[in-house]
Amino acid sequence: MADLDRFRSMLTERNAVMNLVGPATLPDFWNRHAWDSAQLLALAPEARTWADLGAGAGPPGLVLAILLKGRPGAHVHLVESMAKRCRFLSEVVVALELPATVHNDRAENLRLAVDIVTARACAPLHRLLGYARPYLQAGATGLFLKGQDVVSEMKEAARYWEYEADVVPSKSDPRGRIVRLRRLGRARKV
């Protein structure tokens, strides 16, 4: 809890000078960011290695790294293409001594072997699957935090990809959903 609170403080401080999260979401940090991210652990309790694509301000990757701290073999890869966000992520990782690595690169350029690939507010599902493809094809399961438009996003993604997924209701927001993707097939021609 102390590390989560330190992350909250660092996020609040840095958000004042750089747009990391919507300022209106900070008063609800514990539900909107911490609990929303933490619920992913229950969907993959045995997973040790994670990649968070478009890590941005940290959720869910930093929250997962905080909660996995001290667990043998646990590691979170925070993948972010914007250098200024990577600097913030690195500051948090160092300050809290987290089992995490920050990658300043595009997700689709990396080949990381992980158990789980996550993303939140990164891209519409049809584009996100392209970014996550290397991880999913190497055997990772996808856990993608989505909002109330998940059904239309999944229909649109089905135009571009063959995939097998189910939708899990979010425990932090009745409108939220988690797309659990187990298999990604080849891209379709549109």
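**Exercise 1. Helix 1 against helix 3**

Find out how helix 1 runs relative to helix 3, and which residues bring the two together.

*Solution.* Start with the handedness: where helix 1 passes helix 3, the crossing is right-handed. Keep in mind as you look that this is a predicted model. Two packed helices are described by the angle between their axes and the distance between the axes. Here the angle is about 155°, and the axes of helix 1 and helix 3 are 9 Å apart. An angle over 145 degrees counts as roughly antiparallel, so helix 1 is roughly antiparallel to helix 3. Now pick out the side that helix 1 offers: D3, L4 and F7. Across from them, helix 3 brings L62, V63, I66 and L67. Sort the contact by class and you get 6 nonpolar, no polar and 1 charged residues.

**Exercise 2. Helix 1 again, now with helix 4**

Describe the packing of helix 1 and helix 4 by angle, axis distance and handedness, then list the contact.

*Solution.* First, the geometry: the helices pack at about 150°, with axes 11 Å apart. That angle makes helix 1 roughly antiparallel to helix 4. Next, the handedness: this crossing is right-handed. Then the residues: D3, R6, F7, M10, L11 and R14 come from helix 1, while F88, E91, V92, A95 and L96 come from helix 4. Last, the classes: the contact of helix 1 with helix 4 splits into 7 nonpolar, no polar and 4 charged residues.

**Exercise 3. Into the core**

Work out which residues touch the most other members of the largest nonpolar core, and which elements feed that core.

*Solution.* The largest nonpolar core has 33 residues. Those touching the most other members are F7, W50, L62, V76, L78, V92 and L98. At least two core residues each come from helix 1 (2-15), helix 2 (29-43), helix 3 (61-68), strand 2 (75-80), helix 4 (83-96) and strand 5 (141-146). Helix 3 gives the most, with 6 residues. Now zoom in on V92: leaving out residues up to four places away in sequence, V92 touches F7, M10, L62 and L98. Another core lies apart from this one; it has 27 residues, including A51, V79, A132 and L181.

**Exercise 4. Helices 5 and 6**

Decide whether helix 5 and helix 6 are roughly parallel, roughly antiparallel, roughly perpendicular or oblique.

*Solution.* The angle between helix 5 and helix 6 is about 55°, and their axes are 7 Å apart. Roughly parallel needs an angle under 35 degrees, and roughly perpendicular needs 65 to 115. Helix 5 and helix 6 are therefore oblique to each other. On the helix 5 side the meeting residues are L125, H126 and L129; on the helix 6 side they are E153, M154, E156, A157 and Y160. The tally for this contact is 5 nonpolar, 1 polar and 2 charged.

**Exercise 5. Backbone oddities**

Track down the cis peptide bond, then look at the phi values of E97 and A121.

*Solution.* Most residues other than glycine have a negative phi, and most peptide bonds are trans. The cis bond joins P59 and P60, with omega about 0°. You'll find P60 in the loop between strand 1 (49-53) and helix 3. Turn to E97, which isn't a glycine yet has a positive phi, near 50°. E97 sits in the loop between helix 4 and strand 3 (100-104), and its relative accessible area of 65% makes it exposed. A121 isn't a glycine either, and its phi is positive at about 55°. The loop between strand 4 (116-120) and helix 5 (125-137) holds A121, which is exposed too, at 77% relative accessible area.

**Exercise 6. Buried or exposed?**

Place A74 and V150 in the structure, say whether each is buried or exposed, and name their contacts.

*Solution.* A74 lies in the loop between helix 3 and strand 2. Buried means under 20% relative accessible area; A74 is at 9%, so A74 counts as buried. Setting aside neighbours within four places in sequence, A74 is in contact with R48, L68 and P99. V150 belongs to helix 6 (residues 150-160). At 4% relative accessible area, V150 is buried as well. Not counting residues up to four places away in sequence, V150 touches V167, R177 and V179. As a final distance check, V150 and R133 are 17 residues apart in sequence and 19 Å apart from C-alpha to C-alpha.

Definitions and conventions:
Residues are numbered from 1 along each chain as its sequence is written. This is a predicted model: local features need pLDDT of at least 70, side-chain atom pairs count only at pLDDT 80 or more; totals for chains, interfaces and linings use all residues. Side-chain values use heavy atoms; hydrogens and water are left out. A nonpolar core is a set of buried Ala, Val, Leu, Ile, Met, Phe, Trp, Tyr and Cys residues joined through side-chain atoms within 4.5 Å. Buried means under 20% relative accessible area, exposed over 50%, partly exposed in between (1.4 Å probe, protein chains only). Helices (H or I, at least four residues) and strands (E, at least two) are DSSP runs, numbered from the N terminus. Contact means heavy atoms within 4.5 Å. Axes are lines fitted to C-alpha atoms, for helices over the stretch in contact, and angles run from 0 to 180 degrees between N-to-C directions. A crossing is left-handed if the near helix is turned anticlockwise from the far one by less than a right angle, and right-handed if clockwise. Ala, Val, Leu, Ile, Met, Phe, Trp, Tyr, Cys and Pro count as nonpolar, Asp, Glu, Lys and Arg as charged, and the others, Gly among them, as polar.
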